[in-house]
Amino acid sequence: MSPKPSENGIEGDDEREEDSEEDNSEGEQEEEEDEPRLKYQRMGGSVPSLLQSDAASCIAVAERMVALGTHGGSVHILDFLGNQVKEFIAHTAAVNDLCFDIEGEYIGSCSDDGSVVISSLFTEERMKFEYHRPMKAIALDPDYVRKSSRRFVTGGLAGLLYYNMKKWIGYRDQVLHSGEGPIHTVKWRSNLIAWANDAGVKVYDAANDHRVTYIERPRGSPRPELLVPHLVWQDDTLLVIGWGTSVKVVSIRNYQNNGANGSYTTQTSSMNKVDIVASFQTSYFISGIAPFGDSLVVLAYIPVEEGEKDFTSTIPSRQGNAQRPEVRVVTWNNDELATDALPINGFEHYKAKDYSLAHAPFSGSSYAGGQWAAGDEPLYYIVSLKDVVIAKPRDTEDHITWLLQHGWHEKALAAVEAGQGRSELLDEVGSRYLDHLIVERKYAEAASLCPKLLQGSASAWERWVFHFAHLRQLPVLVSYIPTENPRLRDTAYEVALVALATNASFHKDLLSIVKTWPPSIYSALPIISAIEPQLNTSSSTDSLKEALAELYVIDGQYEKAFSLYADLMKPGIFDFIDKHNLHDGVKEKVAQLMMIDCKRAVPLFIQHMNIISPSDVVSQLKAAKNKCDYRYYLHLYLHSLFESHPNDGKAFHDMQVELYADYDPKMLLPFLRSSQHYTLEKAHEICVKRDLLREQVFILGRMGNAKQALAVIINKMGDIEEAIEFVSMQHDDELWEELIKQCLNKPEMVGVLLEHTVGNLDPLYIVNMVPHGLEIPRLRDRLVKIITDYRTETSLRHGCNDILKADCVNLLIKYYKEARRAIYLSNEEDEPHNKRDENRISQSAERSLSMKATEVKSKSRAGTRCCMCFDPFSIQDVSICVFFCCHAYHETCLMDSIVSISSKKKRAAPKQELSYYYQYDNGDDDDEDDDEDGDEDARIRCILCTTAAG
């Protein structure tokens, strides 16, 4: 026998040391790598060629495009793939800042050449403003394209924040702030303008024309010209400030309700509430900051000495020892969620201010549960002098790929099942997961996952079926193989079934699969060929035999299937026999069929005795005496055989006597009475052994030992009524005397004997033989009963005799009258005469009598002679009269005789009377038999009978 399959495969997995596995798993958990939140790629397209001859200085992102500023003073409009769409040579010095309006139709730029240029992206409109000092920051009104005021703010080294708008007489500048050092950055959101100078961050409400708040510059932060501050609006109320190593999140709320476009609904003055909702320090310099859902993305510049805390010291210079910049995802509490080091080209020579970070506009509400809604993922652009790297949140497919790379196949599969990845990704995950399980020898687990991983791919299923077969692990996969959607090639199913058949541990599975799978998807012959050599080996099991029988049925080999079903004792075998007409095969499986269901087997054997004779049934049942209670089955069969065909089993009647005595004693006596083919001596011996008294009486009576039988009834049975009935049936007077002798010493029997002898024996004879002084119970009542019964019997006899005599007389009289009647037979010439007679009879009586007349006429013409002239009737062609007494006359002879007799008896009779006497009677009405004698003379009578009666 093959070893019992483990849950992981037929032969199980190799044993491994559990302690080492636990240690390894603990070590892996400790060293488990955090999954990145972002994925990165260098911007291609035109960017590499542009930065080959120039250096990037700043970047701005709109919903549909990207603007890249360079140290050469150019502004390049790019698509998201980096392909250049448009180029503005707007400045003669480095471009310090860029800004789109909210619709992305205008781009504003400022430069060290002291100019501010606002250009339309879709028209030739272009405006240039000269401020004669290097300008470091610019912000367009978000509604720049929709408002005629064309507002923007800008500032630079002059320390003045200009608020420019278009009026009737042209563009005019308004100084919003001055006197606190250069303007390093400015951001405009809705009606709020935020800017940073050497003193700190200020917020101005353009709608209400008042300053909202002031946030002081973090203490100990580097000088702004070395590390500029960074401002970004997360939404209309949240401002994120990253300065040096400090991060603050400021909430600015107005007591009035906001409109749908973020602007205030009224122009009345209002109070703003400003709160710092988050603030923390970092261990790195902040080269850029942006919102990331409920968290923040920080572009971190790592100082050369990690332990250095005095950030007011000299900033790293271009000595070639700078570290890679890092993108860190942190919460508002400075909990790091992810950290990625960027392989920026030439990072060793860059300072913190050489990097910048920008992000595409997005709605923070799109972020939920750590995942972005499709199409709402923000894009982050990390800009260095010679590189532009795009970062974006990792999607489900990135997550799955990362899990696969780290060997977490189950988590990858769970992510795929969420339905967010491409369908092709499932194939990849499934293939890699199954390969991993196969390597780990987790065959059963791999098989259970195949329906989920392979789904409707027929080619994938076939590939893995043959792969499991190559590994000799196919039996664990068979139960999962689909039979439709998809349907595989026949060979795949046949290989699977053969794999089950050749492994004894899976024979039950083989049977289940054969019963479940549609027969049309495979050929049964290869499986049959694989199973048949195993039938007589130690690996053969009942499940294997039944599976083979099912395969025989599929292949149309019903006789072989029947033989196996019979050996397996299958209850439905009788229906199988009837369905496929397999009665010829029953001959060799008698014992098995009887053991399966004897109630159905017995009628089957009897119905087909021409195929299997009673001797065959008996011999096979005897041969199976070690397997079943063969004698009981013999009894059932022979009993049914005797009831339907009493003489067909006469050779086994001796055996049947013993079987009846053992299994159905009540039926033994009827059998003994009906059968004439058993040995009386053997039957008597059997009955004596089993103390069957009535059967002994019957057998002794048939053997002629009536006295011994009577002794058994009286002495053993003690049933005097039975004894009387037995003696009455024998009609033997000596036996009556024997009965009386044996009862004389038993008063109760004498009394019963007196009661039952009426009609059989004279009670006085018994009374005379009773010894004197014998007390008979209820003697008086019994004598009265004897006398009463005797009188009743005598009365009944007399009454019956009287009735019998009266019936005999009446019947004789009726017979005599009938015999004296005549039947008239005539020729065709007598038709007119017959028609006259028909007027007196009914139509129905006429037809009946005509039939009688025709019959008698035909008989009389066969050679009968007239009783008067003794001439044959065939000689003369005259009418004939035939009587019921069988006398026949010519009509002329009969009339002559009647006239002669009448003239002698009634010479004085009128002529009319004589004429009436000649009328014929055709026996029309039987009731006329009861008429008076006077009417009888008016009928024709047989001459011979009348003369004899007279």
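Me: Which residues form one aromatic cluster here, and what makes two rings a pair in the first place?
Reply: Phe642, Tyr660, Phe671 and Tyr678 form one aromatic cluster. Rings of Phe, Tyr and Trp (its six-membered ring) pair if their centres lie within 6.5 Å, and planes under 30 degrees apart count as stacked, over 60 as edge-to-face and the rest as tilted. By this rule the count comes to 20 aromatic pairs. The structure is a predicted model, in which local features need pLDDT of at least 70 and side-chain atom pairs count only at pLDDT 80 or more, while totals for chains, interfaces and linings use all residues. Residues are numbered from 1 along each chain as its sequence is written, and side-chain values use heavy atoms, with hydrogens and water left out.

Me: Why is the pair of Tyr163 and Trp188 called tilted?
Reply: The ring centres of Tyr163 and Trp188 are 6.2 Å apart and the planes stand at 45 degrees, so the pair is tilted. Tyr163 belongs to strand 12 (residues 161-167) and Trp188 to strand 14 (residues 185-189), so the pair ties together parts that are 25 residues apart in sequence. Strands (E, at least two residues) and helices (H or I, at least four) are DSSP runs, numbered from the N terminus.

Me: What makes Tyr163 and Trp188 count as buried?
Reply: Buried means under 20% relative accessible area, exposed over 50% and partly exposed in between, with a 1.4 Å probe and protein chains only. Tyr163 has 4% relative accessibility and therefore counts as buried; Trp188, at 9%, also counts as buried.

Me: How do you know on which side of the burial limit Phe100 falls, and what does Phe100 touch?
Reply: Phe100, placed in strand 6 (residues 95-100), has a relative accessible area of 10% and is therefore buried. Contact means heavy atoms within 4.5 Å, and, not counting residues up to four places away in sequence, Phe100 touches several residues, among them Ala60, Met65, Tyr106, Leu121 and Leu140. Phe100 and Pro142 are 42 residues apart in sequence, yet their C-alpha atoms are 8.0 Å apart in space.

Me: Why is Ser897 called buried, and which residues does Ser897 touch?
Reply: Ser897 is part of helix 31 (residues 891-905), and its relative accessibility is 9%, which means that Ser897 counts as buried. Leaving aside residues up to four places away in sequence, Ser897 touches Met868 and Ile943.

Me: How many disulfides are there, and why is Cys867 not bonded to Cys866?
Reply: A disulfide is a pair of cysteine sulfur atoms within 2.5 Å, and by this rule the count comes to zero disulfides. For Cys867 the closest cysteine sulfur is that of Cys866, and because the two are 6.3 Å apart they are too far for a bond. Another cysteine, Cys628, has 15% relative accessibility and therefore counts as buried.

Me: What makes strand 8 a mostly covered strand, and how does strand 8 pair?
Reply: Six of the six residues of strand 8 (residues 115-120) are buried: Ser115, Val117 and Ser119 on one side, and Val116, Ile118 and Ser120 on the other. Two strands pair if DSSP finds at least two bridges between them; strand 7 (residues 106-111) and strand 8 have five, in the antiparallel sense, and Tyr106 has Ser120 as its bridge partner. The hairpin of strands 7 and 8 has three residues between the strands, and Gly114 takes a positive phi near 85 degrees there. Strand 8 also pairs antiparallel with strand 9 (residues 126-130) over five bridges, one partnership being that of Ser119 with Arg126, and a hairpin of five residues joins these two strands.

Me: Why do the buried residues of helix 11 line one face?
Reply: In helix 11 (residues 524-531), Ala524, Ile527, Ile528 and Ile531 are buried. Seen down the axis of helix 11, these buried residues fall within an arc of 100 degrees, so they line one face of the helix; the arc is that of the directions from the helix axis to the C-beta atoms. The buried residues of helix 11 pack against helix 9 (490-501), helix 10 (507-516) and helix 12 (542-555).
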